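Work through these short exercises with the sequence and the model at hand. Try each task before you read its solution.

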Amino acid sequence: MIKVALDALGGDFAPDVVIEGAVNAVNKNANIHVVLCGPEAQVKEGLAKLGYTGNGITVVDAPDPVAMDEHPVMVVKKKQHSGLVTCVALQKKGMVDASVSAGNSGAMMASCLLLLGKSNDKFARPPIGCVIPTADHPVILVDAGANVDERASTLVDFAIAGSAFAETYFGYPQPKVGLLNMGEEEHKGPAVLQEAYQLLKSAPVNFIGNIEGEDLIMGKADVIVSSGFTGNVVLKMLEGFFEMHHKMFGSIDTEAGRKFDAMWDYRMTGGALLLGLNGTGIIAHGRSDALAIEKAVEVAAKYAESGVAAKVNERLAAIKDEAPAEPAAEA
């Protein structure tokens, strides 16, 4: 039995859609137990409205709400009885196998970082590794929004983490790593990307150079490296494309149409994994509906059961150890 802690107050439509998603997840997956963390009376009332009387859900009282604009570190320090922090604290205590929130993503990252800790001191910051579709195959976008002001060396760490994720989760041998930029030329883009390009040429990953937007969507790279700001814009654009397609054409009941929906409906991904942590922390979209929450719980359980975080950390450590030592500073 895999236990997943779920922030009941996380997201734009919480707690109703979160509770519904949890119920759907446990009803469809007998090996998943959800620990709903939120105001106990409100959560139990929501379960009663849905007529749920099973044993697949436990409620933990966590009454403090977390607003989307609250400072992440302050949330961890001052709102320890929030659903978001409680989810991660339960994992730290070994009471659950994974933690999921569709709430304040910065606070979720801070909670995971401060409570679970980084797996490797050589690793700069935990990025969000998000699975996205392309015309050819699913790929990893890293970072998808956890960090916004990265240095070139941090982007190299993102490349290493994304490569480890692609290897361990998808089984891609020597995944191709591309740096998202405004052109393919080596000296294109802002200074930080030009510096990252030079560092990536000697990094222990299969770096294929800069890639542009059309390269990303055609699946030229298995791992797309980006600042969290740009990565999040790309992610939301791909989601908007799917919604526009459905608004214009609806669901197309053909083999190709069903395949398109299965690949491009962002709700089916559920949530994204924070990479480089001692545990499984999943960030789901703030606008998640019940289906997205259900899939976030399922993917969290899948990652936890198959030990994806541990395998990524093991590969990440090995890759970091393969990296050439930085030259000593001159006296």
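**Exercise 1: a pair between two loops**

The side chains of R267 and D289 meet in a salt bridge, 3.0 Å from N to O. This is a predicted model, in which local features need pLDDT of at least 70 and side-chain atom pairs count only at pLDDT 80 or more, while totals for chains, interfaces and linings use all residues. Residues are numbered from 1 along each chain as its sequence is written, and side-chain values use heavy atoms, with hydrogens and water left out.

Task: Find which parts R267 and D289 tie together.

Solution.
- Step 1. Recall the rule: a salt bridge is a side-chain nitrogen of Lys or Arg within 4 Å of a carboxyl oxygen of Asp or Glu.
- Step 2. Place the residues. R267 lies in the loop between α10 and β10, and D289 in the loop between β11 and α11, so the pair ties together parts that are 22 residues apart in sequence. Helices (H or I, at least four residues) and strands (E, at least two) are DSSP runs, numbered from the N terminus.
- Step 3. Look for another partner. R267 also forms a salt bridge with D265, with the closest N and O atoms 2.8 Å apart.

**Exercise 2: buried or partly exposed?**

Task: Classify D265, R267 and D289 by their relative accessibility.

Solution.
- Step 1. Take the cut-offs: buried is under 20% relative accessible area, exposed is over 50%, and partly exposed is in between (1.4 Å probe, protein chains only).
- Step 2. D265 has 8%, so D265 is buried.
- Step 3. R267 has 25%, so R267 is partly exposed. D289 has 25% and is therefore partly exposed.

**Exercise 3: a network**

Task: Describe the salt bridge of E239 and R287.

Solution.
- Step 1. The closest N and O atoms of E239 and R287 are 3.1 Å apart.
- Step 2. The pair links distant parts of the chain: E239 is in helix α9, R287 in the loop between β11 and α11, 48 residues apart.
- Step 3. E239 is buried because its relative accessibility is 3%. R287, at 31%, counts as partly exposed.
- Step 4. Add E243: E239, E243 and R287 are linked in a network of salt bridges.

**Exercise 4: an acid without a salt bridge**

Task: What does the side chain of D261 make a polar contact with?

Solution.
- Step 1. D261 is found in helix α10, residues 255-264.
- Step 2. The side chain of D261 makes a polar contact with the side chain of H246, at 2.7 Å. A polar contact is a pair of N or O atoms within 3.5 Å; within protein, one must be able to donate a hydrogen and the other to accept it, and residues adjacent in sequence count only if both atoms are side-chain atoms.
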